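Reader: I would like a close look at a single part of this model. Please take the nonpolar core and what surrounds it, with the cut-offs spelled out.

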Amino acid sequence: MLSVCRQYLNDIQQAEDVMITAFMKVFTNLKNFEFNGSFEGWIRRIMVNECISYLRVQKKVTFIDDHLVLGRDEESFNNIESKFTIDDIQFLIDNLPDGYKMVFNLYAVEGYKHYEIASMFGISEGTSKSQLSHARKMLQAQINKLKNYDNGTQ
């Protein structure tokens, strides 16, 4: 669960603090688990919600409301070469602006829909889609830069 929190929080100590707070919520609400889904999924959702709450309180998430949804370049984004480690990918995601990072994690990693993300943060679905599109383009640019650096072409 620390890795779940780490996806949303750059600082490992903050991620640990949020994880501990979330586990306290898990243990105090254990009687409320309804056995409808997986126990791990229930805990994971609590972790994600606690991270979002923490970032809201810290006012660390800003969204660019530009109503511009760029075309998706998913095929090239999904063709990340296997030479990148998980730490490399996490480093690239950590360097995204906060709004991009949150939407990217919630959509691409957690599987939330844009209308769910929009309601979590009080933004429009278009803003959520735009944040995801910009995050993907920024990640793709960073990956291309790394590939060029590794190949000696830059």
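Author: Start with the outside. The protein chain exposes about 9100 Å², and carbon and sulfur atoms supply 53% of it. Accessible areas come from the Shrake-Rupley method with a 1.4 Å probe; for residues, only the protein chains shown count as cover.

A word on the source. This is a predicted model: local features need pLDDT of at least 70, side-chain atom pairs count only at pLDDT 80 or more, and totals for chains, interfaces and linings use all residues. Residues are numbered from 1 along each chain as its sequence is written, and side-chain values use heavy atoms, with hydrogens and water left out.

Now the frame. The protein chain has 8 helices and 0 strands. Both are DSSP runs, numbered from the N terminus: helices are H or I with at least four residues, strands are E with at least two. Of the 154 residues, 37% are buried. Buried means under 20% relative accessible area, exposed over 50%, partly exposed in between (1.4 Å probe, protein chains only).

Next, the core. The largest nonpolar core has 36 residues. Such a core is a set of buried Ala, Val, Leu, Ile, Met, Phe, Trp, Tyr and Cys residues joined through side-chain atoms within 4.5 Å. Y8, L9, L106 and F121 have the most contacts inside this core. At least two core residues each come from α1 (2–8), α2 (12–28), α3 (39–58), α5 (86–94), α6 (98–109), α7 (114–121) and α8 (125–151). The largest share, 8 residues, is supplied by α3. In soluble globular proteins, nonpolar side chains tend to be buried together.

Zoom in on L106. Neighbours within four places in sequence aside, L106 is in contact (heavy atoms within 4.5 Å) with Y8, V48, I52, G111, Y112, I117, M120 and F121. Across the protein chain, contacts with a separation of 6 or more are 73% between residues 24 or more positions apart.

Then the cysteines. The whole structure has 0 disulfides. A disulfide is a pair of cysteine sulfur atoms within 2.5 Å. C5 is in none; its nearest cysteine sulfur, that of C51, is 3.7 Å away. C5 is buried, because its relative accessible area is 0%. C51 is buried as well, at 0% relative accessibility.

Last, a contrast at the surface. F27, L30 and F39 form a nonpolar patch there, with about 310 Å² of accessible area together. F27 sits in helix α2. F27 counts as exposed because its relative accessibility is 55%.

Methods
Patch = residues over 30% accessible without salt bridge, like charges linked within 9 Å, V, L, I, M, F, W, Y side chains within 5 Å. Salt bridge = Lys/Arg side-chain N within 4 Å of Asp/Glu carboxyl O.
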